[in-house]
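This report describes how two protein chains meet and how their strands are arranged into sheets. The sequence and structure are shown first.

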There are 2 protein chains.
Amino acid sequence: MTLIKGNVNVEEQAIEAKKASKSLLVLSESEKNEALNHLADVLEREYETILEANEKDLANGKEKGFSEAFMDRLSLSKERVADFANGLREVAKLEDPTGNILSDWTLDNGLQVEKVTVPLGVIGMIYEARPNVTVDATGLALKSGNAIVLKGGSSAINSNGAIVDVIHKGLAETKIPKEAVQFIASTDRAATNELFTMKEHIDVLIPRGGGKLIQAVVENATVPVLETGVGNCHIYVDKEANVQKAIDILVNAKTDRPAVCNAAETLIVHEDWLEKHSAALIDALQQNGINVHGDEKAVSVIPGAVPAGHEDWTNEYLSTDIAVKTVSDVNEAIGHIETYGTKHSEAIVTENDDTAHLFLSLVDAAAIYHNASTRFTDGGALGFGAEIGISTQKLHARGPMGLPALTTVKFLMKGNGQTR
Amino acid sequence: MTLIKGNVNVEEQAIEAKKASKSLLVLSESEKNEALNHLADVLEREYETILEANEKDLANGKEKGFSEAFMDRLSLSKERVADFANGLREVAKLEDPTGNILSDWTLDNGLQVEKVTVPLGVIGMIYEARPNVTVDATGLALKSGNAIVLKGGSSAINSNGAIVDVIHKGLAETKIPKEAVQFIASTDRAATNELFTMKEHIDVLIPRGGGKLIQAVVENATVPVLETGVGNCHIYVDKEANVQKAIDILVNAKTDRPAVCNAAETLIVHEDWLEKHSAALIDALQQNGINVHGDEKAVSVIPGAVPAGHEDWTNEYLSTDIAVKTVSDVNEAIGHIETYGTKHSEAIVTENDDTAHLFLSLVDAAAIYHNASTRFTDGGALGFGAEIGISTQKLHARGPMGLPALTTVKFLMKGNGQTR
């Protein structure tokens with residue numbers, strides 16, 4: 001593997017991105033779209049360069065003994081590169097999120113006020129293994145008129161570098177300056193840390209990856225952060241839950257894709273319901289290979305369940321394991337979520353609309369479900385067309401973030417000499 | 001002065017606020033409005049208690065030799081308390097920013113999606129001398145369904161404490177629990193610092209005051225911050241500026257209220273315009289007692305001007321001093337603003353619409369003016385009804401912030417067993 005260290009100047013790259021972001025401000029929507037479509041064509045044309053670089057990362061990953069799942073995420077093919085290209089074409093089709101006049105009015109003195117959406121400026125993207133983020137994030141940034149500084153994981157550095165080389169080659173034939181896409185070609189963690197405090201040149205940091213990466217960025221960055229991802233999601237099965245709905249939702253939220261952030265990690269179940277429907281529940285858990293870590297009551301009812309501790313309530317399993325907590329009413333369930341939830345996605349299963357209303361009102365999370373699986377918290381599933389990530393913070397953007405999350409506003413004031 | 005130290009438990013107060021914020025979630029708009037109107041009445045009724053406490057702060061301020069302007073901001077009267085009360089009544093009349101369905105749609109599988117505005121939760125307000133912030137911030141927080149933790153400046157601690165006592169007395173007769181308004185009765189800076197990292201209990205910190213306070217919060221807080229206030233605003237007088245408009249706007253932006261954040265701090269002037277209209281400019285500066293700190297060219301043209309250095313371009317004077325920078329075109333002006341501006345309010349004076357368009361497109365600030373004074377960047381002036389502050393950040397809220405800045409969203413999903 002080509003270790004690239006010490007020969008990058010992160011600040012210089014960020015300054016170049018900032019400068020390029022100004023050129024993006026004066027491009028039309030069609031100029032941006034033409035550029036994205038052209039990038040898609042060039043990626044498809046140059047796929048071999050990308051695959052060659054990917055081979056290096058795969059060889060290195062094999063040497064390091066990375067897991068099969070990890071290697072699969074890292075691995076590219078002609079088809080996957082074509083998927084990247086099609087992703088860019090889809091982004092080109094989306095509505096331009098900038099230049100929207102959100103409101104406009106005229107003061108009594110004739111001063112015209114317009115509140116209009118504009119790009120944020122420069123986006124700093126810090127991400128882990130998947131090389132597709134390099135293309136996806138670039139497409140979303142450019143479509144919304146932003147420059148981007150990419151800092152990918154070291155295990156994909158050759159693939160990412162080759163992708164960005166191809167992007168630069170493509171941009172040279174468009175109205176977008178190639179400096180609008182900066183790639184930090186370093187495996188040095190210090191390079192990432194430099195991005196954390198570059199407030200003058202970078203307008204927002206978006207970490208994509210595991211909880212540790214996200215925490216490191218949130219805790220150390222003075223650049224504003226769009227926090228994404230960690231989902232310790234709960235399914236609360238109420239006393240008045242329909243058995244079939246409860247089981248369908250639980251099994252889907254737990255097993256459809258256990259490793260994603262909108263998968264369920266804890267089942268909170270009303271003790272009366274558990275007592276009454278334990279046979280059906282146990283059957284479903286066993287048939288779907290779900291391993292239970294339960295509180296005392298759950299362990300006493302569910303065969304094979306092991307006792308759950310603080311870690312079980314707190315962490316994501318990202319596997320087919322589940323924690324099971326029994327409660328005596330909806331308020332106890334809400335309290336458990338308040339203590340352990342990550343404000344991502346939470347669900348209640350009940351036929352009682354008042355109980356559901358209470359849950360939807362009091363639970364503090366980006367997405368709250370009544371009688372549906374938490375798996376729908378996803379830009380694609382909700383029809384957003386593209387997703388930068390799922391925000392678990394409350395400011396700026398919450399839940400699945402589409403292109404508008406990459407914009408801010410300006411008040412434009414047009415007068416003829418007004419003073420106050 | 002009653003120094004209150006060491007006998008407060010900030011975390012306990014923040015936890016109480018968080019708990020109270022849940023009760024606010026289930027109140028109706030009219031219950032919140034009734035509470036605010038009742039608080040207004042109680043404040044007016046109990047004004048003497050507040051004035052007595054204020055006397056202590058004033059005596060202490062006199063002893064410490066605070067400036068006259070500072071003492072004036074600290075000083076309360078029956079009328080000022082009545083103004084506070086009327087402020088609450090005005091806030092009660094504003095539209096409730098929560099419970100607004102921003103969008104709603106139904107997926108093909110029948111899952112109903114609603115994106116609805118909800119309170120942020122708990123607001124941490126860190127502010128300096130003015131006791132009116134205690135009432136204003138409380139009113140805005142409660143109206144938007146948020147609990148609030150107040151940490152005012154030590155010079156107003158008796159006044160603020162008395163105001164909160166009266167508020168608590170008033171709240172006891174409303175549906176809002178008094179724990180929704182927490183006052184950190186400490187002059188210890190450590191109490192403020194504790195608020196910085198209380199992510200679990202406080203959803204947002206809003207610093208109101210001088211640049212140093214704001215910087216301390218921005219740099220040290222892990223709780224998300226709504227950054228307000230510092231305005232190093234520029235007036236760019238272009239080659240094609242109308243003389244009367246340029247002078248009217250400059251004088252108004254500089255002298256109407258020099259100490260506020262939307263006042264102008266630097267005049268950037270095109271060298272041709274300066275040469276041609278120096279007589280009119282010099283006359284206006286002298287008549288309005290404006291002291292010039294200029295670059296070489298400005299000093300050579302404007303009598304009495306002293307040379308400007310880095311500090312002059314960087315800092316707010318908040319007085320009738322002004323920095324004057326000469327440029328040879330609009331791009332140089334934009335570059336100067338990019339280097340020294342604080343992204344608050346920037347103005348161009350020109351009769352050339354293309355030049356104005358370029359300036360409005362390329363300058364990165366909350367509010368950008370063509371032929372008008374920067375003084376209109378103000379919630380009151382723009383008709384927002386109430387203002388929490390003027391955001392100079394890009395995420396969440398930018399420019400004057402009304403009640404909607406104190407809300408976030410939830411996605412509420414209603415289904416009948418949908419799985420993915």
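How many residue pairs are in polar contact across the interface of chain A and chain B? In this predicted model, the rule finds 39 such pairs between chain A and chain B, with both residues at pLDDT 80 or more.

**The interface**

On the side of chain A that touches chain B, two or more residues come from each of these elements of chain A: helix H1 (10–25), strand E2 (112–119), helix H10 (243–255), helix H15 (353–362), strand E13 (367–372), helix H16 (379–382), strand E15 (399–401) and strand E16 (407–418). E16(A) gives the most, with 11 residues. Sorted by class, this side of chain A holds 33 nonpolar, 15 polar and 17 charged residues.

In terms of contact, 65 residues of chain A meet 65 residues of chain B. The size of an interface is often expressed as the accessible area lost when the parts come together. For chain A and chain B, the area buried between them is about 5500 Å², and 59% of it lies on carbon and sulfur atoms. A:Leu395, A:Phe411 and A:Arg420 supply 15% of the area that chain A buries against chain B, which is more than any other three residues.

**Salt bridges**

Over all chains, the count by this rule comes to 42 salt bridges. Between chain A and chain B, the count is eight salt bridges. One of the salt bridges is formed by B:Lys199 with A:Glu227, where the closest N and O atoms are 3.7 Å apart. Another joins B:Lys394 to A:Asp203, with the closest N and O atoms 2.9 Å apart. This pair crosses between chains: B:Lys394 sits in the loop between strand E14 (389–391) and strand E15 (399–401) of chain B, while A:Asp203 sits in the loop between helix H8 (189–196) and strand E6 (204–208) of chain A.

**Sheets that include both chains**

Strands of a sheet pair through backbone hydrogen bonds, in either a parallel or an antiparallel sense. One open sheet has 10 strands with mixed pairing, in the order E1(A)-E2(A)-E16(A)-E13(B)-E12(B)-E7(B)-E8(B)-E11(B)-E9(B)-E10(B). Strand E1 (101–106) of chain A and E10 of chain B stand at its edges, each with a single partner strand, so one side of each is left without a neighbour in the sheet.

A further open sheet of 10 strands, also with mixed pairing, runs in the order E10(A)-E9(A)-E11(A)-E8(A)-E7(A)-E12(A)-E13(A)-E16(B)-E2(B)-E1(B). Its edge strands are strand E10 (306–307) of chain A and strand E1 (101–106) of chain B, each pairing on one side only.

The strand pairs below run parallel, and each is given with one pair of opposing residues.

| Strand pair | Bridges | Residues opposite each other |
|---|---|---|
| E16(A) and E13(B) | five bridges | A:Leu412 and B:Ile368 |
| E7(A) and E12(A) | four bridges | A:Ile235 and A:Ala347 |
| E8(B) and E11(B) | five bridges | B:Leu267 and B:Val324 |
| E9(B) and E11(B) | four bridges | B:Asn291 and B:Asp321 |
| E9(B) and E10(B) | two bridges | B:Gly294 and B:Pro307 |

Which strand of chain B does E16(A) pair with? The partner is strand E13 (residues 367–372) of chain B, in the parallel sense. E16(A) is also the element that gives the most residues to the side of chain A that touches chain B.

**Annotated domain**

The unreviewed UniProt entry lists residues 9–290 of chain A as "domain: Aldehyde dehydrogenase". This span is 53% helix and 16% strand, and its end C-alpha atoms lie 49 Å apart.

Notes. Residues numbered from 1 in each chain as written. Chains lettered and ligands numbered in written order. Predicted model: local features only at pLDDT ≥ 70, side-chain atom pairs only at ≥ 80, totals over all residues. Heavy atoms only, no water. Contact = heavy atoms within 4.5 Å. Buried area = accessible area lost by both parts, 1.4 Å probe. Salt bridge = Lys/Arg side-chain N within 4 Å of Asp/Glu carboxyl O. Polar contact = N/O pair within 3.5 Å; in protein donor to acceptor, adjacent residues only side chain to side chain. Nonpolar A, V, L, I, M, F, W, Y, C, P; charged D, E, K, R; others polar. Pairing = 2+ DSSP bridges. UniProt positions renumbered as here; feature names shortened; annotations may be inferred.
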